[in-house]
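Colleague: Mind if I quiz you on the geometry of this one? I'd like to hear the reasoning behind each label.

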Amino acid sequence: MNPDVSDKRDFTVVNHRVEKIDAIALACGTAQFTDDIDIRGLLVGRVLYSPHAHARIRKIDTREAKKVPGVLAVLTHEDLPRVRHTTAGQGHPEPSPYDTLVLSEKARYVGDRIAAVAAETAEAAEEALSKIKVDYEILPPVFDTMEAMKEGAPVIHDEDDSKNIPDAGHNICAKFDFEVKESEWFSEADVVIDQWYKTQWAQHCALEPHVAITYFDGEGRLVIRTSTQVPFHCRRITAKVLRIPVKSIRVIKPRIGGGFGSKQEVLLEPVCAALTLATRRPVKIELTRKETFVSSRTRHPFVLRLKTGVKKDGAITDAHMEVYCDNGAYGAHSLTVMMCSGSHTLPMYQAKNSRFIGRSVYTNLPVGGAYRGFGATQGFFAWESQMDMMAERIGMDPIEFRRKNYIRSGEGSPVFKAMGEGREGIEQKIASCGMDECIDQGMAAFGWHERKERNRQQSGPVRRGLGCACLMQGSGIPEVDMAAASIKMNEDGSFNLHMGATDLGTGSDTVLAQIAAEVLGITVKDIIVLSSDTDLTPFDVGAYASSTTFISGNAVKKAALHAREQIVKVAAKILDAKPSEVDLMDGKAVAGGRSCLLSEVAHTAFYYHDQHQIMGVASHYAQSSPPPFAAHFAEVSVDTETGQVVVLDYVSTVDCGTAINPTLAEGQNDGAVLNGLSYALCEEMAFSPSGAMTNASFRDYKIFSTADAPPFKTILIPTYEADGPFGAKSVSEIGINGPQPAIANAIYDAVGVRLFAPPFTPEKVLKALKAKP
């Protein structure tokens, strides 16, 4: 075997703009999503939600509901096993509190699940819901993050059977403290800035709502066909809460119409499965858009405090970070999101003294969950705003200030070991960092200096300003995330690639096929991909934590190398050569001047000599999480008479190592940036005084579409990460972290007011302008 194939850099498939393997099917409407299936006897599932933010059920009467013609099942908490669990689809044992029941006897927010029905028609299901009589004992709610922690605040989780809640009496569902220091706090600082920030509730807004279909196969096993990011976690959690064996469940993930973290939760599947178990019939539950807004998951709103010290020469001396994460009614992802707000931001800039104080808090509002950026988005808004403020106070250019302090190749941080995701992390040093190139190429493409000079000559009510932000993220969770893959050879020299990795529309099926094709010397068209079926594909933790390319990609690469070893041995006999002399290229095995088709290799193995199946199987878990790096540059105009902020231009550069598929990498970053622009300027969930969401529709909750998109550009900065498959790191999350701080900094540059609580609406800008001294 060619000894250099593992670390080759002269790529034939990887780092090429290969067409997405499902592009034609998606464009023609033939791709199969969860609901694109006809099942005889399919029942309609519906859920009854609480109208109260905090209430205990005294009595629930379902007798009239069960009499509705066409209704086959009505379930409440009295009908299901009482199994506390977390809906967070994370590795076992999950670091989130076990504080949730499939159907609850106590409502903790407006939209909490109280009962479920299955009926022949949607009309019958809705009528049944209307006839369920619930006698509620109304309890006092708490909606404010900081108020919820105070003595005497209503206790949201007062049950005695929940687990892993560190301080239920003060509504604290997760906490973490960390400190490392080389000197007395702020003793060496020439300037100290102490500032509070606040970020907002937001919804993922995937085009496909949450949907699940459950049914029994011919052998009586429960099949869950669902729009999920975590098929294997879904199987395990559903089995646990319904007290049925894991071996009795099969989870199938078809194509997904977006997830962005919201489908990392195991929400619908246990309810839908419980209805199928009760009726012995197939059941479908599909959330409406309103239900998706209210009763799925949201981005956690944060209250943050940064107190930082800096010397006049630009050295950061002290970094004190406090984070108060509003988790809503349940504790899914409460520890990990809160910790990522520090673990992805504090190492970015090297300070002598670092401290992190983190609390995730229960309130009687919708539940926070995984969302692209996963805490780093909120953390970087505060940090990158604070970086500009420090630079201004010491009279240093904000970009040069960042250059002076960011972490570089060969450097580590005590934060890496102290702050993992839910447990202690690991020591690591940065092996690849393209931040200098990100800054240089971004500034040049943006025309930073030229725009700065032009903006000095402004007049009139509309003013322009520039802002920047520098970022890092991670690539999977070291020593936690694991993925596996298998690949088998067919008679025609094609291959079946089976993997548990979950393609959310991101193109991971294509990216992973490219990695395999690079190893095997073939094209992507020679690979048949099957992903995310718990019966047929190997284990994978799922699509989250920017892990798929780095973790699953390494598993695919190892499996392909395993198959390649076998191919080379057979080919060596055909070609009368040593295995070390054989290479694979263009669908052939080549040695010296001789070659044979891979189809001949397959036929030889199947029919003629030492008959066997050529097949590679491998697993991978990482001991590092190499961060991608990025630099963002924004120009905005601010109308001082109306407060309107318009993004005029946006450039983002990103070091993701080797971009396995540059087109897909650019697309992921473009999508993340647009997502972040929308989050910065207009997205915010609003609530009534009683805790009900008041803008739970696209009519009232504004998100950016292509019509709203400003001119923006992604530039990929190539580096090579030795731990990644063919040098790759992650790319899909980091882009969302930049728009909020870059735009906040640009607004300040334009009109001299700084906003500490997005979204940056005209009302907020006008209010700040009027308050300006």
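Colleague: Where is Cys-205 found, and what makes its phi stand out?

Modeller: This is a predicted model, to begin with. Cys-205 is in the loop between strand S9 (202-203) and S10. Its phi is near 60 degrees, which is positive in a residue other than glycine. Most residues other than glycine have a negative phi.

Colleague: Which peptide bond ending at Pro-93 is called cis, and what is its omega?

Modeller: The bond from His-92 to Pro-93, with omega near -5 degrees. Pro-93 sits in the loop between strand S3 (71-75) and strand S4 (106-107). There's also a cis bond from Pro-758 to Pro-759, where omega is near 5 degrees. Pro-759 belongs to the loop between helix H18 (739-751) and helix H19 (762-771). For context, most peptide bonds are trans.

Colleague: On to helix packing. Why is H15 called roughly perpendicular to H16?

Modeller: The axes of helix H15 (residues 548-575) and helix H16 (residues 598-608) cross at roughly 95 degrees and come within 9 Å. Angles of 65 to 115 degrees count as roughly perpendicular, so H15 gets that label relative to H16.

Colleague: Which residues make that contact?

Modeller: From H15, Ile-567, Val-570, Ala-571 and Ile-574; from H16, Leu-598, Glu-600, Val-601, Thr-604 and Ala-605. By class, the contact of H15 with H16 has seven nonpolar residues, one polar and one charged.

Colleague: And how do you know that H9 is roughly perpendicular to H10?

Modeller: Helix H9 (residues 376-394) and helix H10 (residues 398-405) pack at about 105 degrees, with axes 9 Å apart. The perpendicular range is 65 to 115 degrees, so H9 counts as roughly perpendicular to H10. On the H9 side the contact uses Glu-384, Met-387, Asp-388, Met-390, Ala-391 and Ile-394, and on the H10 side Pro-398, Phe-401 and Arg-402. The classes there are six nonpolar, no polar and three charged residues.

Colleague: Now the domains. How many residues of domain 1 and domain 2 are in contact?

Modeller: The domain assignment gives domain 1 (5-31 + 482-621) and domain 2 (43-139 + 205-295). Their C-alpha centres lie 38 Å apart. Contact means heavy atoms within 4.5 Å, and 23 residues of domain 1 are in contact with 20 residues of domain 2.

Colleague: Why is the second largest pocket said to lie between domain 1 and domain 2?

Modeller: Both domains give residues to its lining, so the pocket lies between them. Its volume is about 460 Å³. The lining has 21 residues, with Ile-21, Asp-22, Arg-255, Asp-509 and Val-529 nearest the centre. Strand S21 (residues 527-531) supplies the largest share, five residues.

Colleague: What is the lining of the second largest pocket like by class?

Modeller: Ten residues are nonpolar, three are polar and eight are charged.

Colleague: How many cavities of 30 Å³ or more turn up in the whole structure, and what makes something a cavity and not a pocket?

Modeller: The search finds six. A cavity is a set of points where a 1.4 Å probe fits but cannot get out, whereas a pocket is an open set. The largest cavity has a volume of about 120 Å³. It has 13 lining residues, and those closest to its centre are Tyr-109, Asp-112, Arg-113, Arg-297 and Tyr-330. Its lining divides into five nonpolar, five polar and three charged residues.

Colleague: Which elements give two or more residues to the lining of the second largest cavity?

Modeller: About 60 Å³ of space lies in that cavity. Its lining includes His-210, Val-211, Ala-212, Lys-263, Leu-268 and Glu-269. Strand S10 (211-216) and helix H6 (268-279) are the elements that give two or more residues. By class, the second largest cavity is lined by four nonpolar, four polar and three charged residues.

Methods
Residues numbered from 1 in each chain as written. Predicted model: local features only at pLDDT ≥ 70, side-chain atom pairs only at ≥ 80, totals over all residues. Heavy atoms only, no water. 1 Å grid on protein atoms, 1.4 Å probe; cavity = no way out; pocket = protein on both sides within 12 Å on 5 of 7 lines; lining within 4 Å. Points joined across faces, edges and corners; volume = space filled by probe spheres on them. Helix = DSSP H or I, 4+ residues; strand = E, 2+ residues; numbered from the N terminus. Nonpolar A, V, L, I, M, F, W, Y, C, P; charged D, E, K, R; others polar. Domains from an automatic or database assignment. Axes fitted to C-alpha atoms, helices over the stretch in contact; angles between N-to-C directions. Parallel < 35°, antiparallel > 145°, perpendicular 65-115°, else oblique.
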